[in-house]
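Me: I have a model open here and want to go through how it is put together. Can you take me through it, beginning with the sheet?

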Amino acid sequence: MGRLGVGIAMGCAVAACIVAAAMVGKRVKRRRKWKKMVKVLEELEESCDTPVARLKQVVDAMAVEMHAGLASEGGSKLKMLLTYVDKLPNGSEKGTYYALDLGGTNFRVLRVHLGDQRSAILGQDIERQPIPQHLMTSTSKNLFDFIASSLKDFIEKEGNGLEQPSPWRRELGFTFSFPVKQTSVSSGILMKWTKGFAIEDTIGRDVSECLQLAISNKGLDVRVAALVNDTVGTLALGHYNDEDTVAAVIIGTGTNACYLERADAIIKCQGLLTTSGGMVINMEWGNFWSSHLPRTSYDIDLDVASPNPNDQGFEKMISGMYLGDIVRRVLLRMSEESDDFGPSSSKLTIPFVLRTPLMASMHEDYSPDLSEVAKILEEVLELPDVPVKVRKLVVKVCDVITRRAARLAAAGIVGILKKIGRDGSGGIASGKFRSDRPSRMRRTVVAIEGGLYTRYTLFREYLNEAMKEILGEEVSPYVVLRVMEDGSGIGAALVAAANSASEADRVQLQ
């Protein structure tokens with residue numbers, strides 16, 4: 001081989017080395033970027049970790065905050081609001097009762113037929129109506145006149161011969177899912193509107209009185225017997241079905257809890273008298289906070305960017321409104337660390353573009369190639385052709401955020417049980433287990449409602465698992481989580497039945 005041949009061969013060899021080095025360099029670079037993405041996940045797992053010891057600290061913190069909120073106004077992040085509901089339905093209610101459920105841009109009218117024994121709902125009729133857009137910013141009179149007109153039309157359609165409760169006047173429960181300061185079981189002052197409503201002349205007024213006036217003006221003999229929120233309605237429905245129900249939790253788009261408290265434990269209202277000796281407390285637990293909650297930088301960023309920073313901290317970690325957006329923030333961070341997601345997408349920077357139901361669909365994708373994950377990444381976040389290994393990371397992120405939320409919700413529930421002595425730690429009378437006399441342990445039921453628990457299988461499994469871990473093998477069999485349906489509707493009618501005219505004026509201040 002001549003010099004020319006040798007030179008060409010050497011040149012080819014050098015070129016090949018350069019190409020090989022470049023390829024190796026690219027692989028090394030890709031590995032580094034991949035490791036950065038994996039590190040983001042590992043850091044997330046570490047910061048979201050919820051071992052049982054930590055969950056028990058959250059349990060204790062919840063119970064302490066409940067005590068503080070009952071002791072004085074403003075004494076806790078938990079508002080611990082009096083509902084003036086001191087008697088829950090027990091199955092003795094009989095007759096036909098009504099409910100109005102105003103929770104947003106739609107409202108419902110319901111009629112419920114009760115049969116004088118526990119769980120004996122003989123029938124129900126429901127009618128849904130949208131609130132016309134212009135009424136959401138009109139006047140109080142116009143809004144409540146419209147609602148009363150719809151109620152009148154609904155009643156006029158009913159058949160004859162329906163048995164009415166004594167004294168033959170129709171009784172109605174009003175579910176009003178806006179911030180209200182309750183003043184009695186059937187009255188409350190509107191603090192502010194939310195959800196797109198802006199009717200200035202209603203703020204500071206008794207919303208039950210507004211509705212009652214409109215009903216009377218329509219010539220209807222209907223009394224607003226109860227004003228409740230959806231959580232109290234869920235507790236009422238739970239207690240109607242099972243007398244051992246002592247609390248209710250809603251975990252859906254938002255979250256809240258209420259429970260039955262001893263009247264003498266409500267220190268901020270000394271002199272409160274109830275014939276039952278207890279009262280339902282609306283906790284507004286979405287605002288709970290504790291240093292023991294495993295907060296991440298993503299939670300902090302979400303809170304800062306929210307319309308209510310430093311508010312509703314617990315809700316922002318466990319409710320359906322926020323879980324999808326926490327996942328989006330983690331994926332955005334990962335995409336900034338590596339190009340394995342493909343070309344950058346501006347959609348990843350849009351808050352709440354990834355809704356929690358979509359996140360749940362990715363989390364519960366059991367197809368071999370995670371096709372549902374690929375579809376959502378492409379259609380919602382405009383990230384096409386994401387490799388399977390990256391899709392697996394996405395599913396893991398969903399798992400970490402969901403598991404943390406479910407386990408914290410479980411800790412919150414056990415916190416309520418601890419406060420009322422139903423967690424097995426407060427003595428035999430309050431439910432402490434003793435191996436020599438296990439029958440002394442009291443059965444406890446918590447009514448639960450909301451799509452995050454009822455429709456998101458992995459969330460439900462994680463929550464149930466955490467309840468067992470926290471309570472322990474001896475106590476957990478005595479605590480039952482029972483799913484309710486339509487506490488905001490049927491539950492409101494049941495509260496009206498339990499607080500009908502013949503049972504009025506049981507709650508008073510000395």
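Reply: Sure. The open sheet has six strands in the order β1-β12-β10-β9-β13-β14, and the pairing is mixed. Helices (H or I, at least four residues) and strands (E, at least two) are DSSP runs, numbered from the N terminus, and two strands pair if DSSP finds at least two bridges between them.

Me: Which are the edge strands?

Reply: β1 (81-82) and β14 (479-483), each of which pairs on one side only.

Me: Before going on, what kind of model is this, and how are residues numbered?

Reply: This is a predicted model, in which local features need pLDDT of at least 70 and side-chain atom pairs count only at pLDDT 80 or more, while totals for chains, interfaces and linings use all residues. Residues are numbered from 1 along each chain as its sequence is written, and side-chain values use heavy atoms, with hydrogens and water left out.

Me: Back to the sheet. In what sense do β9 and β13 pair?

Reply: β9 (residues 245-251) and β13 (residues 444-449) are parallel, with five bridges. Thr245 has Val445 in β13 as its bridge partner, and Ala248 stands opposite Ala447 in β13.

Me: Which helices pack on the sheet?

Reply: Helix α5 (residues 230-241) does, touching β9, β10 (255-262), β12 (278-282), β13 and β14. The direction of α5 makes about 135 degrees with that of β9. Helix α11 (residues 388-419) also packs on the sheet, where it touches β9, β10, β13 and β14, and its direction makes about 10 degrees with that of β10. Contact means heavy atoms within 4.5 Å. Axes are lines fitted to C-alpha atoms, for helices over the stretch in contact, and angles run from 0 to 180 degrees between N-to-C directions.

Me: And how do β9 and β10 run?

Reply: Antiparallel, joined by five bridges. They form a hairpin with three residues between them. Ile251 has Thr255 in β10 as its bridge partner, and Ala248 is opposite Cys258 in β10.

Me: What about β10 and β12?

Reply: β10 and β12 are antiparallel too, with five bridges, and Glu261 stands opposite Met279 in β12.

Me: How many residues of β9 and β10 are buried?

Reply: In β9, seven of seven residues are buried. In β10 the count is six of eight. Buried means under 20% relative accessible area, exposed over 50%, partly exposed in between, with a 1.4 Å probe and protein chains only.

Me: Different topic. At what angle do α2 and α13 cross?

Reply: Roughly 85 degrees, with the axes of α2 (residues 52-71) and α13 (residues 457-471) coming within 10 Å. That makes α2 roughly perpendicular to α13, since angles of 65 to 115 degrees count as roughly perpendicular, under 35 as roughly parallel, over 145 as roughly antiparallel and the rest as oblique.

Me: Which residues meet there?

Reply: Val52, Leu55, Lys56 and Val59 in α2 meet Ala466, Glu469 and Ile470 in α13. By class, that contact has five nonpolar, no polar and two charged residues. Ala, Val, Leu, Ile, Met, Phe, Trp, Tyr, Cys and Pro count as nonpolar, Asp, Glu, Lys and Arg as charged, and the others, Gly among them, as polar.

Me: I was also looking at Thr402. Where is it, and is it buried or exposed?

Reply: Thr402 is in helix α11, and because its relative accessibility is 0%, it counts as buried.

Me: What does Thr402 touch?

Reply: Not counting residues up to four places away in sequence, Thr402 touches Met359, His363, Tyr456 and Phe459. A polar atom of the Thr402 side chain also lies 2.9 Å from the backbone oxygen of Cys398. A polar contact is a pair of N or O atoms within 3.5 Å; within protein, one must be able to donate a hydrogen and the other to accept it, and residues adjacent in sequence count only if both atoms are side-chain atoms.

Me: Now α4. What is at its start, and what comes just after it?

Reply: At the start of α4 (residues 207-217), a side-chain oxygen of Asp206 reaches to within 3.0 Å of the backbone nitrogen of Ser208. Just after α4, Gly219 has a positive phi of about 80 degrees.

Me: Last one: how many helices and strands are there in the protein chain?

Reply: 14 helices and 15 strands. Of the 510 residues in the protein chain, 53% are buried.
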